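I went through this model with a short list of things to look up. My notes follow in the order I made them.

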Amino acid sequence: MRTARAAGAALVTVPLALGGLASQSHAQGASPSPSGTFGSGCSAIAQKADTAKDKIVEAASAYPQLSQLVAATVRAKLTNTLDEKPNITVFAPNDKAFQGITASQLSSLLSNEGQLKKTLTYHVVDKQITPDELSHGSFTTVEGSKLTTSGSGTDFKVNDKANIVCGNIKAANATIYIIDQVLQPPS
């Protein structure tokens, strides 16, 4: 009985010690990039269905928090353009991001199709960006300007302003990173 307890204690101690070593090695180096969906806001993201087989606009419409982005995309007549692009990344402003714009700015943006298109395509990169690429990224958007990403672990920013609140969401032709601000292309 005594040897069985000692053996059991040894079996528990070895994995705990190994786990301690593993956490020490992560603390010394950079945080590993997440492999699945990540972010502090993912638990609050209500999703109607699995979006991995849906094109980007249909996938985004499955998230009630992206309703204003989907409506703006339809208004700018970008649905087909985005759905036909393979392997894109969309930094998708959530509805709270649109609430951060003044009513007059939003009205002006929505009434100017050219400016709306420019603003929305500034949120799209013509390649699939993995979480590994977010720590010090610089990407050319479909609009033509650069945007940058920075951070580590599961805490990332776009253009040093917008937080990625939920990221690495898969669609058939895109990866979605939900952000908390509407990005403005450089003038």
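Entry 1, charged pairs. I started with Glu 113, which is partly exposed, with a relative accessible area of 33%. The model is predicted, and I kept that in mind throughout. I looked for a charged partner and found Lys 77, which forms a salt bridge with Glu 113, the closest N and O atoms being 3.3 Å apart. This pair links distant parts of the chain, with Lys 77 in the loop between α3 and α4 (79-84), Glu 113 in helix α7, and the two positions 36 residues apart. Lys 77 itself is exposed, at a relative accessible area of 59%. I also noted Lys 117, which is linked with Lys 77 and Glu 113 in a network of salt bridges.

Entry 2, the other salt bridges. How many does the structure hold? I have 5 salt bridges written down for the structure. One of the pairs I looked up is Asp 126 with Lys 85, whose side chains meet at 3.3 Å, N to O. They too come from distant parts of the chain: Asp 126 sits in the loop between β2 and β3 (136-140), Lys 85 in the loop between α4 and β1, and they are 41 residues apart. Asp 126 has 45% relative accessibility and counts as partly exposed because the exposed class begins over 50%. Next I took Glu 133 and Lys 127, which form a salt bridge with the closest N and O atoms 2.6 Å apart. Glu 133 is partly exposed at a relative accessible area of 27%, and Lys 127 is partly exposed at 33%.

Entry 3, strand β1. Is β1 mostly covered or mostly open? I found it mostly covered, with 6 of its 6 residues buried. Ile 88, Val 90 and Ala 92 point one way, Thr 89, Phe 91 and Pro 93 point the other way, and all are buried. For neighbours, I checked β7, which runs parallel to β1 and is joined to it by 6 bridges. Within that pairing, Pro 93 stands opposite Ile 179 of β7. I then checked β2, which runs antiparallel to β1 and is joined to it by 2 bridges. Thr 89 has Val 125 of β2 as its bridge partner.

Entry 4, the core. The largest nonpolar core has 33 residues, and those with the most contacts inside it are Ile 56, Leu 82, Ile 88, Leu 120, Ile 176 and Ile 178. Several elements each supply at least two residues of this core, including α2 (56-61), α7 (113-121), β1 (88-93) and β7 (174-179). The largest share, 4 residues, comes from α2. I followed Ile 88 further: leaving aside neighbours within four places in sequence, its contacts include Ile 56, Leu 82, Val 124, Asp 126 and Ala 174. Another core, of 15 residues, lies apart from the largest one, and among its members I noted Tyr 122, Ile 129, Leu 147 and Tyr 177.

Entry 5, His 123. I ended with this residue, found in the loop between α7 and β2 (124-125). Is His 123 buried or exposed? I have it as buried, with a relative accessible area of 2%. What does its side chain reach at 2.8 Å? The side chain of His 123 reaches the backbone oxygen of Thr 119. Not counting residues up to four places away in sequence, His 123 touches Thr 89, Val 90, Phe 91, Pro 93, Ile 179, Gln 181, Val 182 and Leu 183.

Terms used: Residues are numbered from 1 along each chain as its sequence is written. This is a predicted model: local features need pLDDT of at least 70, side-chain atom pairs count only at pLDDT 80 or more; totals for chains, interfaces and linings use all residues. Side-chain values use heavy atoms; hydrogens and water are left out. A nonpolar core is a set of buried Ala, Val, Leu, Ile, Met, Phe, Trp, Tyr and Cys residues joined through side-chain atoms within 4.5 Å. Buried means under 20% relative accessible area, exposed over 50%, partly exposed in between (1.4 Å probe, protein chains only). Contact means heavy atoms within 4.5 Å. A polar contact is a pair of N or O atoms within 3.5 Å; within protein, one must be able to donate a hydrogen and the other to accept it, and residues adjacent in sequence count only if both atoms are side-chain atoms. A salt bridge is a side-chain nitrogen of Lys or Arg within 4 Å of a carboxyl oxygen of Asp or Glu. Two strands pair if DSSP finds at least two bridges between them.
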